[in-house]
Amino acid sequence: MALLANLVEDSEASADLCIKAGYHLNELGRYSESLILYERARKLYADLLGEENTKTIQAMHVIGCLLHNCGRLEEAQQIQEKVLEAMRRIGRGDDDTLECMNNLAITYESQGGRLEEVQELREKVLEVSRRALGEEHLYTLISMQNLADTYRDMGGRLREVQELEEKALEVRRRTLGEEHPDTLKSMHNLAITYESQGGRLKEVQELREKVLEMRRRTLGDEHLDTLKSMQNLAVTYRHVGRRLDKVQELEEKVLEVRRRNLGEEHPDTADAMNNLAQTLHDRGRLDEAISLMEEAACSYACIYDSDHSKTKRAEQAVGAWKDEIEDDDYDEEDSIHGDEAE
């Protein structure tokens, strides 16, 4: 790299220059190049200032993140564990330690199968955040949601997930207001948790109606988040047994906007076709349902391939619905000779 060739001396100033250049490369997503510069800076800092100097440790901290971004998870884990140990040993501030613990938790999570270690770290992060920053600090609220997500991933801990998400929503409503994106995100998360618990569909519906109302007013009908809220509410209406015409109305709007903004061969558009086709089928509008599901199958084949599970399921639905039409025709002819249904 040209910058390294131009460094004429092993000085702290040279290390600082590597950090500045590495930072900008990181911001551009050029992680491998950034990593080379941060590793050079770390070596210079270690040789000149010592292994436990704050500049050396901070460079190591960024190196761990860059290794993670490069997909080198085992190396990232080893570096991040060393950094956390060093920060605890030299008594670095809570902010730095919290960030390091959180990054290590993300690496454990990315490796898979290490949920107990992720849980332990995230419980510690939340404990320290509450003590050092307070219950209403942004980082504390993020830590609550991270821990709630971990509990959900572990299964069987929905009560604790609910308590954390209800607390996060209560604080965000009070401090940020009802229409803030973070408040709406908390409502969305809590709705998912209520839905997972079963038997709380009325509360799920109320939350999702509120989220859609707010997103329509603040973001407009065509924003990605608004469309997601429409589809989520349509699913909820279906689950609570609300009229399918209302489900259809929402799904038609989602499909219209996605067709216009994303095109026919986008995964979200194909999924919107699939959803609306299912609703049309359930309303007995079989010809329209078949036509739309055929479009979805064609889109899935173009996006993925003809052997993809989504393509296959769409084609199977078309076949099954065509069979229904044939059966209905047969039953209709046969019923002329039988008793009329009351």
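**Notes on cavities, cores and a few residues**

1. Let's start inside. Helix H11 (201–219) and helix H12 each supply at least two residues to the lining of the largest cavity. Keep in mind as you look around that this is a predicted model. Which residues line that cavity? They are His188, Arg208, Val211, Arg215, Ser229 and Asn232. H11 gives the most to this lining, with three residues. Sorted by class, the lining has one nonpolar, three polar and two charged residues.

2. How much space lies in the largest cavity? About 40 Å³. When you count cavities of 30 Å³ or more, the total comes to one. If you wonder how empty space gets found at all, the idea is simple: a probe the size of a water molecule is rolled over the atoms, and that shows where space is left.

3. Stay with Arg208 for a moment, one of the residues that line the cavity. Arg208 has its place in helix H11. Is Arg208 buried or exposed? Its relative accessible area is 8%, and buried means under 20%, so Arg208 counts as buried. Setting aside residues up to four places away in sequence, Arg208 touches Ala191, Ile192, Glu195, Asn232, Leu233 and Thr236. Asn232 is worth clicking on, since this partner of Arg208 is also on the list of residues lining the cavity.

4. Next, the largest pocket, which sits in another part of the numbering. Glu81, Leu84, Arg88, Leu104, Tyr108, Glu117, Glu120, Leu121 and Lys124 line it. Three helices, namely helix H5 (73–90), helix H6 (94–111) and helix H7 (115–133), each supply at least two of these lining residues. Which helix gives the most? That is H7, with four residues. The pocket holds about 180 Å³ of space. Its lining residues divide into four nonpolar, no polar and five charged.

5. Now the nonpolar cores. The largest nonpolar core has 29 residues, and those with the most contacts inside it are Met230, Leu250, Leu255, Leu292, Met293 and Trp321. The elements that give this core two or more residues are helix H12 (224–240), H13, helix H14 (267–282), helix H15 (286–303) and helix H16 (309–335). H15 gives the most, with eight residues. Apart from this core lies another one, of 24 residues, including Leu84, Cys100, Leu104 and Leu121. Look back at point 4 and you will find Leu84, Leu104 and Leu121 among the residues lining the largest pocket too.

6. Zoom in on Leu250, which is one of the residues with the most contacts inside the largest core. What does Leu250 touch, not counting residues up to four places away in sequence? The partners are Leu212, Arg216, Met230, Leu233, Ala234 and Tyr237. Met230 is itself one of the residues with the most contacts in that core.

7. Asp245 belongs to helix H13, which covers residues 244–262. With 31% relative accessibility, Asp245 is partly exposed. Try tracing from Asp245 to Thr279: they are 34 residues apart along the chain, and their C-alpha atoms are separated by 8.6 Å.

8. Helix H15 also holds Ser299. Ser299 is buried, at 5% relative accessibility. Which residues is Ser299 in contact with, once neighbours within four places in sequence are left aside? Those are Glu264, Ala270 and Met273.

9. Right after Ser299 in the numbering comes an aromatic spot. A search of the whole structure finds one aromatic pair. Tyr300 and Tyr304 form it, and the pair is stacked, with 6.2 Å from centre to centre and 25° between the planes. Why does it count as stacked? Planes under 30 degrees apart are called stacked, so 25° qualifies. As for accessibility, Tyr300 is buried, at 2% relative accessible area, whereas Tyr304 is partly exposed, at 31%.

10. Last stop: Cys65, in helix H4 (residues 54–69). Cys65 is partly exposed, at 24% relative accessibility. Leaving aside neighbours within four places in sequence, Cys65 is in contact with Gln80 and Asn103. The C-alpha atoms of Cys65 and Gln80 are separated by 8.1 Å, and the two residues are 15 apart along the chain.

How values were computed:
Residues are numbered from 1 along each chain as its sequence is written. This is a predicted model: local features need pLDDT of at least 70, side-chain atom pairs count only at pLDDT 80 or more; totals for chains, interfaces and linings use all residues. Side-chain values use heavy atoms; hydrogens and water are left out. Buried means under 20% relative accessible area, exposed over 50%, partly exposed in between (1.4 Å probe, protein chains only). A nonpolar core is a set of buried Ala, Val, Leu, Ile, Met, Phe, Trp, Tyr and Cys residues joined through side-chain atoms within 4.5 Å. Contact means heavy atoms within 4.5 Å. Rings of Phe, Tyr and Trp (its six-membered ring) pair if their centres lie within 6.5 Å; planes under 30 degrees apart count as stacked, over 60 as edge-to-face and the rest as tilted. On a 1 Å grid over the protein atoms alone, a cavity is a set of points where a 1.4 Å probe fits but cannot get out, and a pocket is an open set with protein on both sides within 12 Å along at least five of seven lines; lining residues have an atom within 4 Å of a point. Grid points are joined across faces, edges and corners, and a volume is the space filled by probe spheres set on the points. Ala, Val, Leu, Ile, Met, Phe, Trp, Tyr, Cys and Pro count as nonpolar, Asp, Glu, Lys and Arg as charged, and the others, Gly among them, as polar.
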